[in-house]
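Visitor: I am new to this structure and should be grateful for a close look at a single part of it. Please choose one strand, follow its pairings, and then place it within the whole.

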Amino acid sequence: KLRVGCSAVIFDPSRQKVLLTRRADNGMWCLPSGAMDPGESAEEACLREVWEETGLRAKVTRLVGIYTTSNEVIEYPDGNRVQIVALSFEAEIIGGQLGLSDETTAFGYYTLDEMGQLEMVPSHARRVRDAFEGKSEAFVY
């Protein structure tokens with residue numbers, strides 16, 4: 001099955017660090033992200049996930065890239081196998097209060113070098129690197 005998801009790259013004011021959250025389910029660091037629900041746009045899904053996981057209100061400013069590869073199939077404990085099609089957006093904070101949720105156990109802003117020391121979701125590391133490049137056209141993988 002294919003599953004569409006969205007992630008948000010949120011820079012600090014200096015554009016040297018990116019907001020990451022630590023997942024409650026596996027302890028790995030990642031971008032605010034999650035699956036699209038039926039009846040919502042990709043932008044709405046992205047902003048909902050930011051709100052649910054961080055308590056922040058944001059606006060999407062650009063599409064960083066579309067990420068999917070046939071060799072990245074996830075098999076869940078119940079036997080379901082999915083291939084993720086992820087749309088990664090850059091987003092800007094417009095309100096809210098940064099905090100934890102039932103999906104996150106920690107948060108922080110990190111440089112690329114600092115991220116190298118974290119146990120991070122591998123596909124999210126690529127999305128962050130691509131966002132730092134600042135290209136106007138989207139990456140497509």
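**Strand β7 and its surroundings**

Guide: Let us begin with one pair of residues: isoleucine 74 has valine 82, in strand β7, as its bridge partner. The model in which this pair is found is a predicted one.

Isoleucine 74 leads to the pairing of two strands. Strand β6, residues 73-75, runs antiparallel to β7 and is joined to it by 3 bridges. Together β6 and β7 make a hairpin, with 5 residues between the two strands. Glycine 79 lies in the turn of this hairpin, and its phi is positive, at about 95°.

Strand β7 itself covers residues 81-96. Besides β6, it has β5 as a partner: β5 takes in residues 56-67, and 10 bridges connect it with β7 in the antiparallel sense. Two pairs of residues may help to locate this pairing by eye. Leucine 56 is found opposite glycine 96 of β7, and lysine 59 has glutamate 92 of β7 as its bridge partner. In general terms, the strands of a sheet pair through backbone hydrogen bonds, in either a parallel or an antiparallel manner.

The parallel manner also occurs at β7. Strand β1, residues 2-9, pairs with β7 in the parallel sense, over 8 bridges. Again, two positions can serve as landmarks. Leucine 2 faces glutamine 83 of β7, while glycine 5 is set opposite alanine 86 of β7.

The partners of β7 have further partners in turn. From β1 one may pass to strand β4, residues 33-35, which pairs with β1 in the antiparallel sense over 3 bridges. Within that pairing, cysteine 6 has glycine 34 of β4 as its bridge partner. From β5 one may pass to strand β9, residues 139-140; these two strands are parallel and share 2 bridges. Here isoleucine 66 is matched with valine 140 of β9.

A further group of strands deserves attention. Strands β3, β2 and β8 form an open sheet of 3 strands in the order β3-β2-β8, with antiparallel pairing. At its edges stand β3, residues 29-30, and β8, residues 104-110; each has a single partner strand, and therefore one side of each has no neighbour in the sheet. Strand β2, residues 18-23, is paired with β8 over 6 antiparallel bridges. Leucine 19 and tyrosine 109 of β8 stand opposite each other.

Two residues give a more detailed view of this open sheet. Arginine 22 belongs to strand β2. Its relative accessibility is 34%, so arginine 22 counts as partly exposed. Beyond its neighbours within four places in sequence, its contacts include Gly27, Met28, Trp29, Glu103 and Thr104. Its C-alpha lies 6.1 Å from that of phenylalanine 107, although 85 residues separate arginine 22 and phenylalanine 107 in sequence.

Threonine 104, one of those contacts, has its place in strand β8. With a relative accessibility of 5%, under the 20% limit, threonine 104 counts as buried. Once neighbours within four places in sequence are set aside, threonine 104 touches Thr21, Arg22, Ala24, Glu53 and Gly99. Serine 70 offers another comparison: it is 34 residues from threonine 104 in sequence, and their C-alpha atoms are 28 Å apart.

It remains to place these strands within the whole. The protein chain contains 3 helices and 9 strands. Read from the N terminus, the order of elements is β-β-β-β-α-β-β-β-β-α-α-β. Among contacts between residues at least 6 apart in sequence, 70% link residues at least 24 apart.

As to overall form, the C-alpha trace spans about 40 × 35 × 35 Å along its principal axes. The radius of gyration is 14 Å, which agrees with the value near 14 Å for a compact globule, because that value is the one that goes with 141 residues. Of these 141 residues, 42% are counted as buried. The chain exposes about 7800 Å², with 51% of it supplied by carbon and sulfur atoms. Finally, there are 15 positive and 22 negative charges, and the mean positions of the two sets lie 3 Å apart.

Methods:
Residues numbered from 1 in each chain as written. Predicted model: local features only at pLDDT ≥ 70, side-chain atom pairs only at ≥ 80, totals over all residues. Heavy atoms only, no water. Helix = DSSP H or I, 4+ residues; strand = E, 2+ residues; numbered from the N terminus. Rg over C-alpha atoms; globule rule 2.2 N^0.38 Å. Buried < 20%, exposed > 50% of the residue type's maximum accessible area, 1.4 Å probe, protein only. Contact = heavy atoms within 4.5 Å. Areas by Shrake-Rupley, 256 points an atom, 1.4 Å probe, with all protein chains shown as cover. Lys, Arg positive; Asp, Glu negative; His and termini not counted. Charge placed at Lys NZ, Arg CZ, Asp CG, Glu CD. Pairing = 2+ DSSP bridges.
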